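Below is a set of questions and answers on one protein chain. Each answer closes on the value or name asked for.

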Amino acid sequence: MKTTVTTSVGGKQITIETGRLAKQADGSALVTCGNNMVLVTAVSSKKASELDFFPLTVEYIEKFYATGKIPGGYFKREAKPTNDAVLIARLIDRPIRPSFPEGYRHETQIVATVLSADGAFPLEILASLGASAALHVSDIPFNGPTAAIQIGRVDGQFVANPTPQQMEKSDMDMIVAGTRNGLLMVEGETKFISEADVLAALKFGHQSMMPLLNAQDELREKMGSTAKRAFTAPTIDADFKTKAEAILKPKIAAALAIKEKQDRYAAGYAAQAEAEKMLLADIADKDLLKQRKKDINTIVEELKYHEARSMILDRAVRIDGRDVKTVRPIANEVGLLPRAHGSGLFTRGETQVLGTVTLGTGDDEQMVDSLLGMQKRKFMLHYNFPPYSVGEVGRMSGTGRREIGHGNLAERALKAVLPDYEKFPYTIRIVAEVLESNGSSSMGTVCSGTTALLDAGVPLKANVAGVAMGLIKEGNRVAVLTDILGDEDHLGDMDFKVAGSNQGITALQMDIKIDSVSFDVMEQALAQAKEGRSHILNEMEKVIKTPRGQISEYAPRIETIKIRPDKIREVIGSGGKVIRGITEATGVKIEIQDDGTINIASADPLATKKAIAMINDIVAEAEVGKIYQGRVVKIAEFGAFVEILPNTQGLLHISEISNERVRAVTDVLKEGEIIDVKVLEVDRSGRVKLSRKAVLN
């Protein structure tokens, strides 16, 4: 049965409908705002998987018919998801994942399909709302509802779900998601916003999502509140667990006291292997043996969880021996790679990232065929996380969702400090190679990216660093951790990454594994992050603080000139003949913008100078009183037409050819002859009058 509810956020009406479309899914929701429609379905297997993690997948699918377009490319069909679609899928996933019951191992899939879009409303907000609504009205165990809000700030006022026009004026672009109790996720970028303003934005976002949470509860009540499936988390035989814990507990505690990651892991593996040898030797049943191995692995993870948290809350000591605020030792190097245009190696503890910068021209821009038209990207950051960075063997088959997400966070952090394109007209690509990882390689990417940009001579508006914050919370006991390890991320309750300069925050990302955290805790985390970020920046600036005085000799030099827009056609020529001739003669790359700005790029300064001279000759205009060396292009009875500039001819009247009387022009001049002439007049129509006689005097 079709059921509909309507609510309003930020002055925009949003409708959630269920019961009409995709009725065989466990839950479905059609979310509409204006001409924007997203259908979201939720299906969860009735049978638990054998995996030791929650197998949740989220797909966000953009259909080009949603905007009345046919996809580009040979097949004329939607291909693999774009990076933006992957990022939206992650935004949907992150707040709903912690809202499933602990131990839920049933394969679950969320599919969000864009059916209609006009670009006036953030589709990711509708998709996130639809995912929660589809789960909330279904019988799938889900501790929702959740909701998401995009936050902008225009003229000092926060705006919920702003329009694209408002976002052009906004100094922040943040998406927050959560429940009634608090926030579960934060993702965004800001223009050097203070910690206090960020906290105020988060509070505004949480309050703004309440109508969306109320609407979902109303929808479920209207449907008759479908009973949720019975679910009981799997348990381990009590006697077996007691025996295993007696063997493992001291060994796991000893392993966690080892500071080096690989040695710590090796000790943990050895403890688990010893426990398996002692406890499983007499088990003949293969199925039972398999189950007991899984049980031991679960017990090991539980012991690690409790021991690591106890170390921090009871003894104020972290796994690697630090206190809660200390940042791991930092080392920086720049200029490692001779042919890259810029490079920086950032090492913090056992996390190491090599950042490289390549400078390109307008031809190197990325072209993205999106729902709302072709987009051009002048800045790209690509993050690579190979298996060897964590001492593992793994398949390397293209860019994963995690790599896209981490790269996007670092790209947002650095985008705010890049120079304006008009002042530095380069396409910039950063590649981050994670060489070692033990916590927050994305923030290491921000740091290595900054030093690589400075090494490349890019005039940054400010230097940027990033730090990851963690949280351990047991009841009323709370510890906020600066610069978390990988284990502290895995065993903790929060991963809160904050990047920025000394002037303010440029990007942030937060994920919560527990029900929620208070805004007081978030305020503490932001303040602690500021201290950590300042320390890291200070260490980076000991190696490089300002941009190199010049760009790499291997990078293209880009010179910019300005011409009148009505002269663009002359520079391009019929069918591009003129500009093609310039590039063939000089080897440069030329980019012409509609406002008459021309960028000339070449690694050879002489070639650039030659191309500029050729363009200036084309667009030059005759000046009264100036003498030019011209070529006679046509002879008539009354005089000759002389080309004094490319595309500019003037009339040399017979009376102005010589000091003496000329009976016939051909007696003195012939076509193709090079002569000196002076400009006598340029009339309103642009006609040029010349004199040879004035030069002879």
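Q: What percentage of the 697 residues in the chain is buried?
A: The model is a predicted one. A residue counts as buried when its relative accessible area is under 20%. By that cut-off, the buried share of the 697 residues is 52%.

Q: What is the radius of gyration of the chain, and what would a compact globule of 697 residues have?
A: The C-alpha trace spans about 125 × 60 × 50 Å along its principal axes. A compact globule of 697 residues would have a radius of gyration near 26 Å, whereas the chain has 33 Å.

Q: How many helices and strands are there in the chain?
A: Among contacts with a separation of 6 or more, 69% are between residues 24 or more positions apart. The secondary structure of the chain consists of 16 helices and 29 strands.

Q: How far apart do the centres of the positive and negative side chains lie?
A: The accessible surface of the chain is about 32,800 Å², and carbon and sulfur atoms hold 50% of that area. The chain has 88 positive and 92 negative side chains. The centres of these two sets are separated by 3 Å.

Q: Over residues 625-693, what are the percentages of helix and strand?
A: An unreviewed UniProt entry lists residues 625-693 as "domain: S1 motif". The C-alpha atoms at the two ends of this stretch are 13 Å apart. Its content is 1% helix and 52% strand.

Q: Is Asp-489 buried, partly exposed or exposed?
A: The unreviewed UniProt entry has a "binding site" annotation that covers Asp-489 and Asp-495. Asp-489 is part of helix H11, residues 486-491. Buried requires under 20% relative accessible area and exposed requires over 50%. Because its relative accessibility is 27%, Asp-489 is classed as partly exposed.

Q: Is Asp-495 buried or exposed?
A: Asp-495 belongs to strand E20, which covers residues 494-500. Its relative accessibility is 10%, so Asp-495 counts as buried.

Q: Which residues does Asp-489 touch, not counting those up to four places away in sequence?
A: Asp-495 touches Ala-468, Met-469, Ile-484, Asp-489, Gln-509, Met-510 and Asp-511, with residues up to four places away left out. The contact between the two annotated positions is thus listed for Asp-495. With the same exclusion, the residues touched by Asp-489 are Ile-484, Asp-495 and Lys-513.

Q: What is the phi of Asp-483?
A: Asp-483 sits in the loop between strand E19 (477-482) and H11. Its relative accessible area is 0%, so Asp-483 is buried. Asp-483 is a residue other than glycine, yet its phi is positive, near 55°.

Q: Where is Ala-316, which has a positive phi although it is not a glycine?
A: The phi of Ala-316 is about 55°. Ala-316 follows the pattern of a loop residue, placed between helix H8 (286-315) and strand E11 (330-334).

Q: Which two residues are joined by a cis peptide bond with omega of about 5°?
A: Pro-145 lies in the loop that runs between helix H2 (123-137) and strand E7 (147-154). The cis bond, with omega of about 5°, joins Gly-144 and Pro-145.

Q: How far apart in space are Val-137 and Ala-29, C-alpha to C-alpha?
A: Val-137 is in helix H2, and it counts as buried because its relative accessibility is 6%. Leaving out residues up to four places away, Val-137 touches Thr-18, Ser-28, Leu-219, Arg-220, Met-223 and Thr-226. Val-137 and Ala-29 are 108 residues apart in sequence, and their distance in space is 8.7 Å.

Q: Which residues does Thr-15 touch, not counting those up to four places away in sequence?
A: Thr-15 is placed in strand E2, residues 12-18. A relative accessible area of 19% falls under the 20% cut-off, so Thr-15 is buried. Outside the excluded neighbours, Thr-15 touches Thr-4, Val-5, Thr-6, Leu-30, Val-31 and Thr-32.

Q: What distance separates the C-alpha atoms of Glu-553 and Thr-298?
A: Glu-553 is in the loop between helix H12 (519-541) and strand E22 (557-562). Glu-553 is exposed because its relative accessible area is 57%. Glu-553 and Thr-298 are 255 residues apart along the chain, and their C-alpha atoms are separated by 56 Å.

Terms used:
Residues are numbered from 1 along each chain as its sequence is written. This is a predicted model: local features need pLDDT of at least 70, side-chain atom pairs count only at pLDDT 80 or more; totals for chains, interfaces and linings use all residues. Side-chain values use heavy atoms; hydrogens and water are left out. Helices (H or I, at least four residues) and strands (E, at least two) are DSSP runs, numbered from the N terminus. The radius of gyration is taken over C-alpha atoms; the globule rule is 2.2 Å times the number of residues to the power 0.38. Buried means under 20% relative accessible area, exposed over 50%, partly exposed in between (1.4 Å probe, protein chains only). Contact means heavy atoms within 4.5 Å. Accessible areas come from the Shrake-Rupley method with a 1.4 Å probe; for residues, only the protein chains shown count as cover. Lys and Arg count as positive and Asp and Glu as negative; His and the chain ends are not counted. The place of a charge is taken as NZ of Lys, CZ of Arg, CG of Asp or CD of Glu. UniProt positions are given in the numbering used here, feature names are shortened, and annotations may be inferred rather than shown by experiment.
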